[in-house]
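Open the model in your viewer and keep the sequence panel visible. The tour below goes from one selection to the next.

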Amino acid sequence: MTTEGELTEAQAGQAVTLTLRDEIDVSRGDLLVHPDRLPAVADAFDARVVWMADAPLLPGRQYDIKLGTRLMPATPMALHHRIDVNTLEHQRAEELGLNEIGYCRIALNQPAPFDPYEICPGTGAFIFIDRLSNVTVGAGMIVRPMTQPLVDKARNVVWHEHKVSRTQRANQKGQRPCVIWLTGLSGAGKSTLANALEQQLLQRGYHSYLLDGDNVRHGLSQDLGFSQAERVEHIRRVGEVAALFVDAGLIVITACISPFRADRALARALAPEGEFIEVYVRAGLETCERRDPKGLYARARAGVIREFTGIDSPYEAPERPELVLDTEHDAIEANVERLLAYLTERRILRGAA
């Protein structure tokens, strides 16, 4: 129906009102299609992607994508290959850089309708959006749907509700749980600070646990190396474990370089509002190299270690951390006191009686 009366058909550009014969809940993002031309409905697809941001596309990192009128979280799960624009040769790659084109497998957080781009560009094209800046960072064309879901357990495993709540667990311990996420360059003093803080919490009667990035790599992340994609996965795992410990009512301290803002933001999103405290343990690269407690900078400078943060891989300093601790100029004891004072101010810790 239009302002000029009913029509038997409509074309692109016309504004029409549709009255459905049956009462069906139809909203923005839904498709009306001919029964003989049904789109694919899947939670994953392969696509050709052109990347348009300085920060590379990394498998395992979560982005938002806009597919038609739908906006939803999506994660590149695998980068099949990069395409050389001059020779069209397929090259092995672990990431996509600025202006590079690749063939990727992308997982959605829910099934969605779409078509291969060659069949219908309108329902087969999408854009990547950075979840922090809301800037468009890439664009893609769907090649084919994945008929089998990437993770069958998402459909076959049902969340089991606990009889004991997170509030009850926290009340049993008489404390407010939270994640204290220490981030900074290698050698900045994160582990030293984390150990000193945990000792202070123990002496004051609090229940806590320290997740040190290196220690986690001896077990949970022992299968991961140090490429950017593997670092993304490492921090995802640490964030998931930290969220579980907070659910258990603990005060969790993490000491991880965690060089990328997007991954720290993902870890923050796993914790309830107000229960994630990002602490930037700040020390300059020159100071950290001079300390070099594990000899890693020397090995990185010699080319033994590749993609080392601060040398040939970037560190993205926090833009709005809850707290900045200067370990280049201030003693560990003074920084621990500052951190304890902040936790008391936030009412994570009890004030003096």
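Begin with helices H6 and H7, which cross with a right-handed sense. This is a predicted model. To display the pair, select residues 228-247 for H6 and residues 261-270 for H7. The two helices pack at an angle of about 20°, and their axes lie 9 Å apart. Angles under 35 degrees count as roughly parallel, so H6 is roughly parallel to H7.

Now show the side chains between them. On H6, pick Val232, Ile235, Arg236, Gly239, Glu240 and Ala243. On H7, the partners are Asp263, Leu266, Ala267 and Leu270. Colour this contact by residue type: six of its residues are nonpolar, one is polar and three are charged.

Next, step back along the chain from H7 to the loop that links strand E10 (251-255) to this helix, and select serine 258. What is the phi of serine 258? The value is positive, about 40°, although the residue is not a glycine. Is serine 258 buried or exposed? Its relative accessibility is 3%, and buried means under 20%, so serine 258 counts as buried.

Move on to a second loop, the one between helix H8 (285-291) and helix H9 (296-301), and select aspartate 292. Aspartate 292 is another residue other than glycine with a positive phi, here near 35°. With a relative accessible area of 15%, aspartate 292 is buried. Serine 258 and aspartate 292 can be displayed together: each has a positive phi, and each is buried.

For the last stop, select residues 190-203, helix H4, together with residues 332-345, helix H10. What is the angle between H4 and H10? They pack at about 55°, with their axes 10 Å apart. H4 and H10 are therefore oblique to each other. Their crossing is right-handed, as is the crossing of H6 and H7.

Show the side chains here as well. H4 contributes Thr192, Leu193, Ala196, Leu197, Gln200 and Leu201. H10 meets them with Ile332, Asn335, Val336, Leu339, Leu340 and Leu343. Which classes make up this contact? Nine residues are nonpolar, three are polar and none is charged. If you switch between the two helix pairs, note that the contact of H6 with H7 includes three charged residues, whereas that of H4 with H10 has no charged residues.

Terms used: Residues are numbered from 1 along each chain as its sequence is written. This is a predicted model: local features need pLDDT of at least 70, side-chain atom pairs count only at pLDDT 80 or more; totals for chains, interfaces and linings use all residues. Side-chain values use heavy atoms; hydrogens and water are left out. Axes are lines fitted to C-alpha atoms, for helices over the stretch in contact, and angles run from 0 to 180 degrees between N-to-C directions. Helices (H or I, at least four residues) and strands (E, at least two) are DSSP runs, numbered from the N terminus. Angles under 35 degrees count as roughly parallel, over 145 as roughly antiparallel, 65 to 115 as roughly perpendicular and the rest as oblique. A crossing is left-handed if the near helix is turned anticlockwise from the far one by less than a right angle, and right-handed if clockwise. Contact means heavy atoms within 4.5 Å. Ala, Val, Leu, Ile, Met, Phe, Trp, Tyr, Cys and Pro count as nonpolar, Asp, Glu, Lys and Arg as charged, and the others, Gly among them, as polar. Buried means under 20% relative accessible area, exposed over 50%, partly exposed in between (1.4 Å probe, protein chains only).
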